[in-house]
Amino acid sequence: MAYWLFKSEPHSFSIEDLMRRSPEPWDGVRNFQARNFLRAMKRSDLGFFYHSSCATPAIVGEVEVVREHYPDVTAWDPENHHYDRRASAANPIWSVVDVAFRARYREPVTLAALKACPELAGMRLLARGNRLSVLPVTETEWRIIRALAHAS
DNA sequence: GCCAACGTTGGC
DNA sequence: GCCAACGTTGGC
């Protein structure tokens, strides 16, 4: 069992969107490192859902990986914002997993709260210059953050 | 809107 | 293979 963090800008795809329609493919990832994390995910792995580029960046809930990686067809669609002309059925390049909604925190665990927690100092999300939209989370981090979420 | 950090591209 | 230019991300 592994743990992950999925980043999304809520104005484009929020946890409320996932609540309305779940499971959904986590598509549009166009960074090789993030893609490799998608490919490493196993069915029943759990993840945090993080809202970025918004008024209060925060972990807002939890998701579960319900289908392991398969080709991201949005990369082949010229109409799609994430179109990649190098990608095709023969050479998919990019991958998705399906994620299902699992929980929405009554009180999100804000980025400020994460930074304020000394035990989370080593978290990849908090690393300088981090921009990956899919990140691994350690089991310890998972437990600490869950405790923060349930304490509020 | 600003700016730092990073990945990618393309000329050489 | 180097590296400058550029585009993107994301917090503030």
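# Close-up views of a predicted protein–DNA model

**View 1. The surroundings of DNA strand C.** Around DNA strand C stand Lys-7, Tyr-50, Ser-52, Ser-53, Pro-57, Leu-111, Lys-115 and Arg-131. Of the strand C atoms that come within 4 Å of the protein, 76% belong to sugar and phosphate. The model is predicted. By residue class, the surface near DNA strand C comprises three nonpolar, two polar and three charged residues.

**View 2. Polar contacts to the phosphates of DNA strand C.** Lys-7 places a side-chain N or O atom 2.8 Å from a phosphate oxygen of DNA strand C. For Lys-115, the distance from a side-chain N or O atom to a phosphate oxygen of this strand is 2.5 Å. Ser-53 uses its backbone: one of its backbone N or O atoms sits 2.9 Å from a phosphate oxygen of DNA strand C.

**View 3. Ser-53 in its loop.** Ser-53 belongs to the loop between β3 and β4. Its phi is near 50°, a positive value in a residue other than glycine. Is Ser-53 buried or exposed? Ser-53 is exposed, because its relative accessible area of 55% is over the 50% cut-off. That accessible area counts protein chains only. Ser-53 is also one of the residues surrounding DNA strand C.

**View 4. The surroundings of DNA strand B.** Asn-31, Phe-32, Arg-128, Gly-129 and Arg-131 are the residues around DNA strand B. Sugar and phosphate make up 71% of the strand B atoms that come within 4 Å of the protein. The nearby surface divides into one nonpolar, two polar and two charged residues. Arg-131 is listed around DNA strand B and around DNA strand C.

**View 5. Two arginines at DNA strand B.** Which part of DNA strand B does the side chain of Arg-128 approach? A side-chain N or O atom of Arg-128 lies 2.8 Å from a phosphate oxygen of the strand. For Arg-131, the partner is a base oxygen of DNA strand B, 2.6 Å from a side-chain N or O atom.

**View 6. The largest nonpolar core.** This core holds 39 residues. Leu-5, Phe-6 and Ile-59 touch the most other members. Strand β4 (residues 58-71) supplies the largest share, five residues.

**View 7. Phe-6 and its contacts.** Neighbours within four places in sequence are left aside here. Phe-6 is then in contact with Trp-26, Leu-38, Met-41, Gly-47, Phe-48, Phe-49 and Tyr-50, among others. Its contacts also include Val-63, Val-65, Val-97, Val-99 and Ser-133. Tyr-50 is, in addition, one of the residues surrounding DNA strand C.

**View 8. Helix α4 and what covers it.** Helix α4 (residues 139-151) has 13 residues. From first C-alpha to last, the helix reaches 18 Å, close to the 18 Å expected at 1.5 Å a residue. Its buried residues are Glu-141, Trp-142, Ile-144, Ile-145 and Ala-149. The cover over these residues includes β1 (3-8), β3 (46-51), β4, β5 (95-110), α3 (111-115) and β6 (134-137). An α-helix has 3.6 residues a turn, so residues three or four places apart point the same way.

**View 9. Ala-151 on helix α4.** Ala-151 lies in helix α4. Ala-151 is exposed because its relative accessible area, 67%, is over the 50% cut-off. Its C-alpha atom is separated by 9.2 Å from that of Glu-107, 44 residues apart along the chain.

**View 10. Backbone details in two loops.** A cis peptide bond joins Ser-22 and Pro-23, with omega about 5°. Pro-23 is in the loop between α1 (15-20) and β2 (24-25). Ser-44 lies in the loop between α2 (32-40) and β3. Ser-44 is not a glycine, yet its phi is positive, about 80°. At 35% relative accessible area, Ser-44 is partly exposed.

**View 11. Asp-72, a charged residue in a loop.** Asp-72 counts as charged and is placed in the loop between β4 and β5. Why does Asp-72 count as buried? Its relative accessibility is 1%, and the cut-off for buried is under 20%, so Asp-72 counts as buried. The Asp-72 side chain reaches the backbone nitrogen of Gly-28 at 2.9 Å. Leaving aside neighbours within four places in sequence, the contacts of Asp-72 are Asp-27, Gly-28, Val-29, Arg-30, Trp-94, Ser-95 and Val-96.

Terms used
Residues are numbered from 1 along each chain as its sequence is written. Chains are lettered from A and ligands numbered from 1 in the order in which they are written. This is a predicted model: local features need pLDDT of at least 70, side-chain atom pairs count only at pLDDT 80 or more; totals for chains, interfaces and linings use all residues. Side-chain values use heavy atoms; hydrogens and water are left out. A nonpolar core is a set of buried Ala, Val, Leu, Ile, Met, Phe, Trp, Tyr and Cys residues joined through side-chain atoms within 4.5 Å. Buried means under 20% relative accessible area, exposed over 50%, partly exposed in between (1.4 Å probe, protein chains only). Helices (H or I, at least four residues) and strands (E, at least two) are DSSP runs, numbered from the N terminus. Contact means heavy atoms within 4.5 Å. A residue is near a molecule or strand if one of its heavy atoms lies within 4 Å of it. A polar contact is a pair of N or O atoms within 3.5 Å; within protein, one must be able to donate a hydrogen and the other to accept it, and residues adjacent in sequence count only if both atoms are side-chain atoms. The expected span of a helix is 1.5 Å times one less than its number of residues.
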